[in-house]
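User: Please take a close look at one part of this model. I would like the helix that gives the largest share of the main nonpolar core, and how the rest of the chain relates to that core.

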Amino acid sequence: MQTNNAQTYTLSKLQMYDECPQKYKLCYIDKVHIAELNTQTQTGNNLHNIINYYLKGMDVTKLIEALPPSDKALWHNFKTNEIKNYKIVESEYAFNLKIDEHWLTGRIDALFEFDGNYIILDWKTGSSFTPENVKFQTKFYLVCLYEILKLKKLINTPEELSMQYLNLATNSKIKIPFDGDLYINYKKEILEIIRKINESTTYFCNKKDTCKYCKYYRVCPF
């Protein structure tokens, strides 16, 4: 059981520090709040909710009828994808586990089982999605779900687990395999980021061309 003084590390917290320590400081230490209006995020949330209800066996007919045409196209791409042949294990699965002395928490869109192996599925609704944008998310999910499935005695090796991103906007899928060496490397990377967070006294900015798109751009001292 998690103790009261144990710190919990979320995917977003670790990912943000890895992306830019100064951004992490502004968000989690200085607690700078900047409102965002993102219609793409709203579309993603709507589809995620409907898919979750559907996978849990609920009737989503009326919800689909109320969608705008663009969102109905995304739903169509989901329904006609080959994942319909997979066996659903969990939908919107929230997890909390301990690795070494650190607690990690997160939530995956869905976990499926197919041909004796387990597949983490993540839905994307933006056409700008690339594997590079979710590289750390992939590592985090694979390590965490492997630890959980191993504890439950559902799998024996990392090779029995994989990650798949289903881009509903482009009706395309990216499959990412997993193995023992990747498990070791990904786990080390996650623990190293936690170590840096715990030991940081200064928070530099990873200055990039994309900084101007960061929501903290106008308040960043760098």
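Analyst: The answer starts with the helix, moves through the core, and ends with the aromatic pairs elsewhere.

The model is predicted, so side-chain atom pairs are counted only at pLDDT 80 or more.

The part in question is helix 6, which supplies 10 residues to the largest nonpolar core. Helix 6 covers residues 135-151, 17 residues in total. From first C-alpha to last, helix 6 reaches 25 Å, close to the expected 24 Å. Most of helix 6 is covered, with 14 of the 17 residues buried. Lys153 follows helix 6 and has a positive phi, near 60°.

Now the core itself. The largest nonpolar core has 40 residues. The members that touch the most others are Leu14, Phe95, Leu104, Ile120, Phe140, Leu145 and Leu161. Several elements each give two or more residues to this core. They are helix 1 (11-19), strand 2, strand 3, strand 4 (117-124), helix 6, strand 5 (161-167) and helix 7 (180-199). A second, separate core holds 19 residues, among them Ile64, Leu67, Ile83 and Leu121.

Phe95 deserves a closer look. Leaving aside neighbours within four places in sequence, Phe95 contacts Phe140, Tyr141, Cys144, Leu145 and Ile148, among others. The contacts of Phe95 also include Leu104, Thr105, Gly106, Arg107 and Ile108. Rings are linked here too: Phe95 belongs to a cluster with Tyr93, Phe136, Phe140 and Tyr141, joined by ring pairs.

Next, Ser162. Ser162 sits in strand 5. Its relative accessible area is 18%, so Ser162 falls under the 20% limit for buried. Beyond neighbours within four places in sequence, Ser162 is in contact with Tyr118, Ile119, Ile120, Leu142, Ile176 and Pro177. Ser162 and Trp103 are 59 residues apart in sequence. In space, their C-alpha atoms are 22 Å apart.

Two other contributors to the core also pack on each other. Helix 1 and helix 7 meet at an angle of about 80°, and their axes are 10 Å apart. Helix 1 is therefore roughly perpendicular to helix 7. On the helix 1 side, the residues involved are Leu14, Tyr17 and Asp18. They meet Ile190, Ile193, Ile194, Lys196 and Ile197 of helix 7.

Last, the aromatic pairs. The structure holds 18 of them. One is the edge-to-face pair of Tyr54 and Phe78, at 6.0 Å centre to centre with 85° between the planes. Tyr54 lies in helix 3 (residues 39-55) and Phe78 in helix 5 (residues 69-79), so the pair ties together parts 24 residues apart in sequence. Tyr54 is partly exposed, at 34% relative accessible area. Phe78 is buried, at 4% relative accessibility.

Tyr86 and Phe114 form another pair, this one tilted, with 5.0 Å between centres and 40° between planes. Tyr86 lies in the loop between helix 5 and strand 2 (87-99), while Phe114 is in strand 3 (residues 102-114). The pair links distant parts of the chain, 28 residues apart. Tyr86 counts as buried at 10% relative accessibility. Phe114 counts as partly exposed at 39%.

Definitions and conventions:
Residues numbered from 1 in each chain as written. Predicted model: local features only at pLDDT ≥ 70, side-chain atom pairs only at ≥ 80, totals over all residues. Heavy atoms only, no water. Phe/Tyr/Trp six-rings, centres within 6.5 Å; stacked < 30°, edge-to-face > 60°. Helix = DSSP H or I, 4+ residues; strand = E, 2+ residues; numbered from the N terminus. Buried < 20%, exposed > 50% of the residue type's maximum accessible area, 1.4 Å probe, protein only. Expected span 1.5 Å × (residues − 1). Core = buried A, V, L, I, M, F, W, Y, C linked by side-chain atoms within 4.5 Å. Contact = heavy atoms within 4.5 Å. Axes fitted to C-alpha atoms, helices over the stretch in contact; angles between N-to-C directions. Parallel < 35°, antiparallel > 145°, perpendicular 65-115°, else oblique.
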